[in-house]
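Please open the model in a viewer and keep the selection panel at hand. The tour proceeds by selections, each followed by a description of what is found there.

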Amino acid sequence: MEIDFEIYSPVQQINNKLFDEQGLKVFIKRDDLIHPIISGNKWRKLKYILKQAQAENKTHLITFGGAYSNHLLATAAAAAKFGFKATGIVRGETVDNDTLFLCRLHGMNLIFTDRDSYRDKPALFRKYFADNAEAFFIDEGGASAEGAKGCSELVDELTETYDHIFCASGTGTTAAGIINGLQNHGLNAQFHAVLVLKNGGFIKDEIDKFLISPANYHLHTGYHFGGYAKTDDRLIEFIKQFVADTGILIEPVYTGKMLYAIYDLAASDYFKPGSRILAIHSGGIWGLLGMKDKF
């Protein structure tokens with residue numbers, strides 16, 4: 001079976017009084033519309049990983065994530081769609097929730113492990129699958145050169161030019177891929193990664209190791225709202241207002257933080273009047289399932 005989708009990811013303008021006052025044109029690339037579950041950078045990162053597994057005649061995908069991991073769910077759905085078995089190794093105590101229900105519904109087997117053991121993912125893979133010739137290791141979040149390659153294709157789809165391109169960053173793979181895509185096309189857009197983790201400066205090293213050549217880009221470290229999957233009332237109110245104003249569903253873990261950063265930077269006169277700004281919606285809206293009590 002060919003591992004591919006017919007991509008539907010339109011670019012839409014975000015209209016807002018703030019942007020009008022600042023003389024800005026702000027757009028969003030709707031990677032959330034690629035697939036209901038295997039959406040956004042989840043699909044882009046998995047595409048070439050799955051192709052590699054297929055080329056190596058591996059039939060059992062083994063990957064990792066937390067109890068509300070969009071990556072686990074996307075991998076489960078991709079495995080079902082493209083004919084693989086899948087196992088998710090889940091960080092923390094045994095739990096049941098909406099995300100894991102959907103993983104199981106797509107046929108994924110789940111193994112829960114303590115947080116100390118989880119830190120050494122290759123060791124966990126060897127522990128459970130060393131004797132399984134069909135097993136294929138996929139790192140947490142799809143972090144890999146193959147993942148960056150898939151994310152670089154986002155730039156191939158752009159039909160207009162922009163002064164700034166923003167995406168949320170957790171592992172650095174998506175950021176590296178987009179930077180590589182910009183370099184491949186000779187585009188001069190300034191790239192901005194909005195870090196969703198606290199003390200995330202190390203992401204620069206993760207981005208750099210997947211770059212095809214050195215590049216200048218911007219890291220925004222002040223919009224993590226307390227750390228990965230952390231939030232506060234400011235971010236929740238922003239998301240509620242944004243969804244009500246635009247009809248575009250976003251969540252607090254990734255895209256919500258990235259868009260908050262754009263609005264905040266615009267309000268702080270960060271951009272030159274006349275700038276064209278593109279935000280990347282990286283999908284993952286199922287992350288809302290673990291955040292319902294915040295709203």
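Begin with helix α11, which is mostly covered: eleven of its 13 residues are buried. The coordinates come from a predicted model. The buried residues of α11 include T255, G256, K257, M258 and L259, and further along the helix Y260, A261, I262, Y263, L265 and A266 are buried as well. Next, select the two end C-alpha atoms of α11, residues 255 and 267: they are 18 Å apart, in agreement with the 18 Å that 13 residues should span at 1.5 Å a residue. Just after the helix, display D269, whose phi is positive, at about 60°.

**The nonpolar cores**

Select F19, I165, F191, F238, L259 and I262. Of the 57 residues in the largest nonpolar core, these touch the most other members. Helix α11 supplies the largest share of this core, with eight residues. Now centre the view on F238. Beyond its neighbours within four places in sequence, F238 is in contact with I250, G256, L259, Y260 and Y263. Another core lies apart from the largest one; it holds 32 residues, including F5, F82, A86 and L102.

**Aromatic pairs**

Show the rings next; the structure holds 19 aromatic pairs. Select W43 and F82, whose ring centres are 5.9 Å apart with the planes at 25°; the pair is therefore stacked. Because W43 belongs to helix α2 (residues 40-55) and F82 to helix α3 (residues 70-82), this pair ties together parts that are 39 residues apart in sequence. W43 is buried at 2% relative accessibility, and F82 is buried with a relative accessible area of 6%.

Move to F225 and Y260. Their ring centres are 4.9 Å apart and their planes stand at 90°, so this pair is edge-to-face. F225 lies in the loop between β9 (218-220) and α10 (233-246), whereas Y260 is in helix α11, so the pair ties together parts 35 residues apart in sequence. Both residues are buried. Extend the selection to F19, Y223, F238, F242 and Y263: ring pairs link these residues with F225 and Y260 into a cluster.

Two charged side chains over rings may be displayed here. K81 lies over the face of F82, at 5.6 Å from the ring centre, and R91 lies over the face of Y118, at 5.3 Å from the ring centre.

**Salt bridges**

Keep R91 selected and add E140: their side chains meet in a salt bridge, at 3.4 Å from N to O. The pair links distant parts of the chain, with R91 in strand β4 (residues 85-91) and E140 in the loop between β6 (135-137) and α7, 49 residues apart. R91 is partly exposed, with a relative accessible area of 27%; E140 also counts as partly exposed, at 28%.

In the whole structure, a search finds 16 salt bridges. Select E157 and K29, whose side chains meet in one of them, at 2.9 Å from N to O. E157 lies in the loop between α7 (145-156) and β7 (164-169) and K29 in strand β2 (residues 25-30), so the pair ties together parts that are 128 residues apart in sequence. Is K29 buried or exposed? K29 is buried, with a relative accessible area of 1%, whereas E157 is partly exposed at 28%.

Finally, select D32 and R30, which form a salt bridge with the closest N and O atoms 2.8 Å apart. D32 is buried at 10% relative accessibility, and R30 is buried at 9%.

Conventions: Residues are numbered from 1 along each chain as its sequence is written. This is a predicted model: local features need pLDDT of at least 70, side-chain atom pairs count only at pLDDT 80 or more; totals for chains, interfaces and linings use all residues. Side-chain values use heavy atoms; hydrogens and water are left out. Helices (H or I, at least four residues) and strands (E, at least two) are DSSP runs, numbered from the N terminus. The expected span of a helix is 1.5 Å times one less than its number of residues. Buried means under 20% relative accessible area, exposed over 50%, partly exposed in between (1.4 Å probe, protein chains only). Rings of Phe, Tyr and Trp (its six-membered ring) pair if their centres lie within 6.5 Å; planes under 30 degrees apart count as stacked, over 60 as edge-to-face and the rest as tilted. A charge sits over a ring if NZ of Lys or CZ of Arg is within 6 Å of the ring centre and within 35 degrees of the ring normal. A nonpolar core is a set of buried Ala, Val, Leu, Ile, Met, Phe, Trp, Tyr and Cys residues joined through side-chain atoms within 4.5 Å. Contact means heavy atoms within 4.5 Å. A salt bridge is a side-chain nitrogen of Lys or Arg within 4 Å of a carboxyl oxygen of Asp or Glu.
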